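Colleague: I am new to this structure and would be grateful for a close look at one part of it, namely the sheet and what lies around it.

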Amino acid sequence: MKPCPGPSFSPRWWSAATPDVVAQTYRTAQAWKNDSPVAAGAVVNLDDQLAARFGVDTATLTVDADGPDVAAQVAATLADRAERQQFTQSYRDRGFAVVDDRPFGRGFIPTWDLRQSSGADVDQATIDVEPKHWAVHAGRNDLGELVPEYFCTDPDAAGLTRPVPPLHLVYEDWWWEMAAEHQIAKAHEQLMYNGATYGVAHVRGQISRRYGVDAQKFAGTPDDLHARLAAVVAERDKAPVTDKTDNDRRDAAAAITASSASLAHQDARGDLPAPTPTSPGDAEQSDGA
């Protein structure tokens, strides 16, 4: 398949193009966009299709004279996606949920923040028992190799508990996004026991801001604080909340459908733009025609 920008307007082209072909087509379109309307249109179309189909925002890719160009970064990004897709297929087949981006928050608890009922760390055997309670993200180790990263989506159903966290985590905003109410209550109590005045004040400030609760009133009664925080969460859960992730997925799917329908209509009429010339001689012949 030759890297000519013209055919990139067709949905059939996208179903067959490899990452290298997409990248070279992007490179050719960029090189000729100031001299050819077809190439200029192809750049816009390629940007739109890369965003809708693969979530690649070319505007965020860096352009460095001493580093890879945007086309090379597009190729690397698409190749990485393909490698991850192949790596995670066996997990999909076994019933695990697979997430493209490393998740965070209350719905995805990493293994380091989980314990078995016996108090032991979570091991592979525990994870493999019920894959439906786990999500997998393909991460990379220090050698650049893909490795599975596991996140429990329902610790209660999986029979797992969440321990008192290392107290330094209370100063991390990301921890508060995933912390369970009993962990917050126990961390508050532990900091009071340790006489950590600043830590206690910090935790109380976070509880007030995030839950609207005055934790000082529950000093010495962590179970009561836990119950109060849990009640606040229960009240919030009653209110419908729009899932931004679902909205993003629907928007992406709609963009692909609309774009593909429009391009397929052009394709059927046979009025797709002619391929962009790849040399000055070709350009002159095209203009002469």
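How many bridges join strand E3 to strand E4, and in which direction do the two strands run relative to each other?

Modeller: The model is a predicted one, and the description that follows should be read in that light. Seven bridges join strand E3, residues 134–140, to strand E4, residues 146–152, and the two strands run antiparallel. Two of the pairings may serve as landmarks. Ala135 stands opposite Phe151 in E4, and His137 has Glu149 of E4 as its bridge partner. Together E3 and E4 form a hairpin, with five residues between the strands. Within that turn, Gly144 has a positive phi of about 85°.

The hairpin belongs to an open sheet of four strands, arranged in the order E1-E3-E4-E2 with mixed pairing. At the edges are strand E1 (97–98) and strand E2 (109–110), each of which pairs on one side only. In general, the strands of a sheet pair through backbone hydrogen bonds, in either a parallel or an antiparallel manner. Strand E2 is joined to E4 by two bridges, and these strands run antiparallel. One of the residues concerned is Ile109, whose bridge partner in E4 is Cys152. As for its surroundings, E4 is largely enclosed by the rest of the structure, because five of its seven residues are buried.

From E2 one may follow the chain into the loop that leads to helix H5 (124–129), where Asp113 lies. Asp113 has a relative accessibility of 2% and therefore counts as buried, the cut-off for that class being under 20%. Its side chain takes part in two polar contacts that may be located in the view. The side chains of Asp113 and Arg162 are joined by a polar contact of 2.6 Å, and the side chain of Asp113 also makes a polar contact of 3.0 Å with that of Gln183. When neighbours within four places in sequence are left aside, Asp113 is in contact with Thr161, Arg162, Pro163, Met178 and Gln183.

Gln183 leads to the helices, since helix H7 spans residues 181–194. The axes of H7 and helix H9, residues 222–238, come within 8 Å and cross at roughly 145°. The crossing in which H7 passes H9 is right-handed. On the H7 side the residues that meet H9 are Glu181, His182, Ile184, Ala185, His188 and Glu189. On the H9 side they are Pro222, Leu225, His226, Leu229, Ala230 and Val233. By class, this contact comprises seven nonpolar, three polar and two charged residues.

A further residue, in another helix, offers a contrast with Asp113. Ala76 lies in helix H4, residues 70–93. Ala76 has a relative accessible area of 49% and so is partly exposed, whereas Asp113 is buried. Ala76 and Asp20 are separated by 56 residues in sequence, yet their C-alpha atoms are 8.6 Å apart in space.

Finally, the whole chain provides the setting for these parts. The chain contains 11 helices and four strands, and buried residues make up 35% of its 289 residues. Among the contacts in the chain with a separation of 6 or more, 59% are between residues 24 or more positions apart.

Technical notes
Residues numbered from 1 in each chain as written. Predicted model: local features only at pLDDT ≥ 70, side-chain atom pairs only at ≥ 80, totals over all residues. Heavy atoms only, no water. Pairing = 2+ DSSP bridges. Buried < 20%, exposed > 50% of the residue type's maximum accessible area, 1.4 Å probe, protein only. Polar contact = N/O pair within 3.5 Å; in protein donor to acceptor, adjacent residues only side chain to side chain. Contact = heavy atoms within 4.5 Å. Axes fitted to C-alpha atoms, helices over the stretch in contact; angles between N-to-C directions. Left-handed = near helix turned anticlockwise from the far one by under 90°. Nonpolar A, V, L, I, M, F, W, Y, C, P; charged D, E, K, R; others polar.
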